[in-house]
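Colleague: I'd like to learn how to read sheets and a ligand site in a model. Could you take me through one?

Modeller: Happily; let's have it in front of us.

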Amino acid sequence: MSVSAKSATSFALRCIQCQAECEQPSPDFRCAACRNLLQVVYQWPEALRGQQLRKLWLERRLSPIPADQSGVWRFRELLPILSRPLDPVTLREGNTPIYDLPRCAQAAGMRHLLAKHQGMNPTGSFKDTGMTAAISLARERGFQWVACASTGNTSASMAAYAARAGMGSLVLIPEGKIAWGKLAQSLEYGAVTCQLRTDFDGCVRVLSEVVQRLPIYLVNSVNPFRVEGQKTIALEMMEQLNWEVPDHVIVPGGNLANSSALGKAFLEMRELGLISRLPRISIIQAEGANPLVRSLRENQGRELQPVQAETLATAIRIGNPASWKKALAVLRATEGACIDVSEGEMAVAKAEIGSDGIGCEPASAATLAGLKRLVRDGFVGPEDRVVLILTGHMLKDPEYTLLFHRGELLAEYAEAQPSRRPPVLLDANADSVLRVLETHRQPA
Ligand code: F0G
């Protein structure tokens with residue numbers, strides 16, 4: 001095989017705005033000249049071409065080597081960022097399934113519908129695909145501490161990977177607005193966990209000062225190497241779809257890094273001849289945390305309109321997303337849509353995904369809620385091939401699910417009634433159980 005991990009791909013860090021190249025990034029990964037974000041750009045070697053790569057990546061599925069068993073590092077030719085690519089910090093992330101969602105398809109007015117479930121990652125969210133990259137790099141560069149501000153999933157993931165690497169980790173999270181499952185993970189994996197009396201955007205501000213003062217490696221998604229790891233979600237998806245590009249990929253938007261990563265992956269795959277066209281990548285925000293939607297509506301995306309974010313989907317409770325310019329470029333390159341959905345629409349969509357036997361967290365359900373709107377608006381056709389990215393597992397936030405089914409989450413939202421499945425409290429005898437069953441559809 002002529003393509004090897006040693007093939008000399010060179011990369012640089014380039015500013016997304018002024019295009020200046022940066023040898024030594026500042027601790028907050030912003031361009032020294034204009035303070036915009038950086039991205040990794042490659043000079044691909046001639047030998048790196050589609051067919052060969054597809055074959056090589058498939059062969060690695062049989063390998064016993066940890067780097068090959070990782071659904072991120074199996075694709076290492078497209079993220080040649082490590083000096084020792086066969087020695088990453090890995091929990092065998094990625095390798096997530098694509099499921100079909102027949103009931104959700106019906107609810108959305110589609111013939112078929114697919115979902116790639118990133119909640120099936122080792123810590124239960126897509127963050128692991130980027131975190132393996134950031135932590136591996138931090139270790140190569142000799143850092144002993146890593147840190148992030150988070151709405152809960154990045155911190156859970158960072159804490160786990162830092163623990164695997166034997167590093168200290170510092171978590172800054174907004175007090176009271178974190179799902180319990182996520183907070184519990186950060187504690188269990190041994191992060192120094194600080195709940196700040198502010199929101200996510202406030203945590204980001206504090207952390208950028210902390211990393212200027214101490215040699216701590218920042219692993220928020222402004223770190224361009226994390227985006228490289230997250231690209232593999234799209235690579236793995238395409239392999240699973242036999243390299244047939246879907247018409248639409250739909251993703252929730254918070255800090256807007258995941259949409260950026262997916263877009264970068266599809267553009268690079270096209271450049272390398274792995275695919276010949278792009279899917280439309282659409283971003284769905286919560287109505288109460290919709291700064292990109294507003295900017296597009298009010299000024300065609302010239303300026304971000306930060307908002308005071310408020311949503312029960314705490315993962316995407318972000319008012320001032322760092323990666324908005326990257327995400328905007330992806331929307332434009334792929335001609336995707338950017339819309340927002342209500343709390344009620346998200347909650348119902350989550351229960352519908354549940355009735356297909358798949359549990360996701362509230363932010364992930366924004367994808368189905370958004371799809372329904374896009375179908376109604378005619379942006380997505382009923383025969384189109386659509387992949388939703390379910391970003392996190394249901395068990396991250398069981399409280400939300402319980403409140404919803406008990407009718408306590410959005411008590412006023414009548415449309416939710418048919419989707420509610422509250423538990424029934426009974427006396428302990430068979431007759432009362434059988435009476436309940438009579439009112440329900442028998443299991444097939
Ligand atoms: N879905 C889930 C489950 C998330 O945790 C996040 C982000 C998103 C969607 C949005 O992705 O930020 O790339 O647009 N969570 C971050 C965190 C911010 O700290 O865990 P994005």
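Colleague: Let me begin with a small detail: which residue in β2 does L13 stand opposite?

Modeller: A good place to start, and please keep in mind that this is a predicted model. In general, the strands of a sheet pair through backbone hydrogen bonds, in a parallel or an antiparallel way. Here, L13 faces C22 in β2. Strand β1 (residues 10-15) and β2 run antiparallel and are joined by 2 bridges.

Colleague: In what order do the strands of that open sheet lie?

Modeller: The order is β2-β1-β3, with 3 strands and antiparallel pairing. β2 (21-22) and β3 (38-43) are at the edges; each has a single partner strand, so one side of each is left without a neighbour in the sheet.

Colleague: Now for the sheet with β6 in it: is the pairing parallel or antiparallel?

Modeller: Parallel this time: 4 strands make an open sheet, ordered β8-β7-β6-β9. At its edges stand β8 (192-196) and β9 (217-218), each with a single partner strand, so each has one side without a neighbour in the sheet.

Colleague: How many bridges link β6 and β7?

Modeller: Strand β6 (residues 145-149) pairs with strand β7 (residues 168-174) over 5 bridges, in the parallel sense. As one example, A147 has L170 in β7 as its bridge partner.

Colleague: Let's turn to the ligand. Which residues come nearest to it?

Modeller: There are 20 residues around the ligand, and of these S150, G254, N255, L256 and T391 come nearest. By character, the shell divides into 8 nonpolar, 10 polar and 2 charged residues.

Colleague: And where should I look for polar contacts to the ligand's oxygen atoms?

Modeller: Try the side chain of N153, where a polar atom lies 2.8 Å from an oxygen atom of the ligand. Then look at the backbone: a polar backbone atom of N255 is 2.7 Å from a ligand oxygen, and a backbone N or O atom of N258 lies 2.8 Å from an oxygen atom of the ligand.

Colleague: How much of the ligand's accessible area does the protein cover?

Modeller: On its own the ligand has 470 Å² of accessible area, and the protein covers 99% of that. The space the ligand takes is the largest cavity.

Colleague: Which elements give two or more residues to the shell around the ligand?

Modeller: Those are α5 (153-165) and α10 (257-271).

Note on methods. Residues numbered from 1 in each chain as written. Predicted model: local features only at pLDDT ≥ 70, side-chain atom pairs only at ≥ 80, totals over all residues. Heavy atoms only, no water. Near = heavy atom within 4 Å. Polar contact = N/O pair within 3.5 Å; in protein donor to acceptor, adjacent residues only side chain to side chain. Areas by Shrake-Rupley, 256 points an atom, 1.4 Å probe, with all protein chains shown as cover. 1 Å grid on protein atoms, 1.4 Å probe; cavity = no way out; pocket = protein on both sides within 12 Å on 5 of 7 lines; lining within 4 Å. Sits in = over half its atoms within 2 Å of the grid points. Nonpolar A, V, L, I, M, F, W, Y, C, P; charged D, E, K, R; others polar. Pairing = 2+ DSSP bridges.
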